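Please open the structure in your viewer and get ready to click along. We will go stop by stop, selecting a few residues at a time.

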Amino acid sequence: MKLIIAIVQSEDAKRLQAAFVDNNVGATKLASTGGFLREGNTTFLLGVEDEDVEDVLKLIEEHSQTREETINPGLHPGISFEQPIEPVNITVGGATVFVLPVDQFLRF
């Protein structure tokens with residue numbers, strides 16, 4: 001058994017959660033906040049049988065794609081500069097995923 005921790009941008013979370021439901025994958029959803037841009041993220045915790053890990057990882061990959069966004073660094077919360085800076089393109093979205101071994105998984 002494995003514990004999958006998937007951190008996705010909130011924009012992707014509803015799509016991913018729907019995919020979990022459609023594929024009978026149980027997940028616990030937690031609100032979280034990202035570091036660099038301080039934007040909302042969603043963290044999913046999933047207890048998964050070893051043989052199902054690859055299928056769940058494919059679902060996460062399919063529903064958490066990266067994309068380009070343009071931000072104005074001088075106006076964006078969490079990023080401040082003394083002088084105005086031109087808008088910049090950044091990559092957002094995608095998923096950060098951890099797969100950990102589980103010694104015991106219980107449901108009460």
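This tour goes from the sheet to the helices, then to the core and two single residues. Keep in mind that you are looking at a predicted model.

**Stop 1: the sheet**

Switch to a cartoon view and find the open sheet of four strands. In what order do the strands lie? The order is 2-3-1-6, and the pairing is antiparallel. Now colour residues 28-33 (strand 2) and 95-101 (strand 6): these two stand at the edges, each with a single partner strand, so one side of each has no neighbour in the sheet. From one strand to the next, the twist averages 20°. As background, strands of a sheet pair through backbone hydrogen bonds, either parallel or antiparallel.

**Stop 2: strand pairs**

Select residues 2-9 and 40-48, which are strand 1 and strand 3. How many bridges join strand 1 and strand 3? They pair over eight bridges, in the antiparallel sense. Try picking out some partners: Ile 5 is bridged to Leu 45 of strand 3, and Val 8 has Thr 42 as its bridge partner in that strand.

Next, show strand 2 beside strand 3. These two are antiparallel as well, with six bridges between them. Ser 32 has Asn 41 of strand 3 as its bridge partner.

**Stop 3: helices on the sheet**

Select residues 10-22 to bring up helix 1. This helix packs on the sheet and touches strand 1, strand 2 and strand 3. The direction of helix 1 makes about 25° with that of strand 3.

Then add residues 53-62, which form helix 2. Helix 2 also packs on the sheet, and the strands it touches are strand 1, strand 3 and strand 6. The angle between the directions of helix 2 and strand 1 is about 5°.

With both helices on screen, look at how they meet. The axes of helix 1 and helix 2 come within 9 Å and cross at roughly 150°, in a right-handed crossing. Show side chains for Leu 16, Ala 19 and Phe 20 of helix 1, together with Val 56, Leu 59 and Ile 60 of helix 2, to see the residues that make this contact.

**Stop 4: the nonpolar core**

In soluble globular proteins, nonpolar side chains tend to be buried together. Here the largest nonpolar core has 15 residues. Which of them touch the most other members? Select Ile 4, Phe 20, Phe 44, Leu 46, Val 56 and Ile 60. Strand 1, helix 1, strand 3 and helix 2 each give two or more residues to this core.

Now centre on Phe 20. Leaving out residues up to four places away in sequence, Phe 20 touches Val 25, Ala 27, Phe 44, Leu 46, Val 56, Leu 59 and Ile 60.

**Stop 5: two residues of helix 1**

Click on Asp 12, in helix 1. Is Asp 12 buried or exposed? Asp 12 counts as buried because its relative accessibility is 0%. The side chains of Asp 12 and Arg 15 are joined by a polar contact of 2.5 Å. Setting aside residues up to four places away in sequence, the residues that Asp 12 touches include His 63, Arg 67 and Gly 93.

Finish at Gln 17, also found in helix 1. Gln 17 has a relative accessible area of 32%, so it is partly exposed. With residues up to four places away in sequence not counted, Gln 17 touches Lys 29 and Phe 44. For one last distance, pick the C-alpha atoms of Gln 17 and Ala 27: they are 10 residues apart along the chain and separated by 8.0 Å.

Terms used: Residues numbered from 1 in each chain as written. Predicted model: local features only at pLDDT ≥ 70, side-chain atom pairs only at ≥ 80, totals over all residues. Heavy atoms only, no water. Pairing = 2+ DSSP bridges. Axes fitted to C-alpha atoms, helices over the stretch in contact; angles between N-to-C directions. Contact = heavy atoms within 4.5 Å. Core = buried A, V, L, I, M, F, W, Y, C linked by side-chain atoms within 4.5 Å. Buried < 20%, exposed > 50% of the residue type's maximum accessible area, 1.4 Å probe, protein only. Polar contact = N/O pair within 3.5 Å; in protein donor to acceptor, adjacent residues only side chain to side chain. Left-handed = near helix turned anticlockwise from the far one by under 90°.
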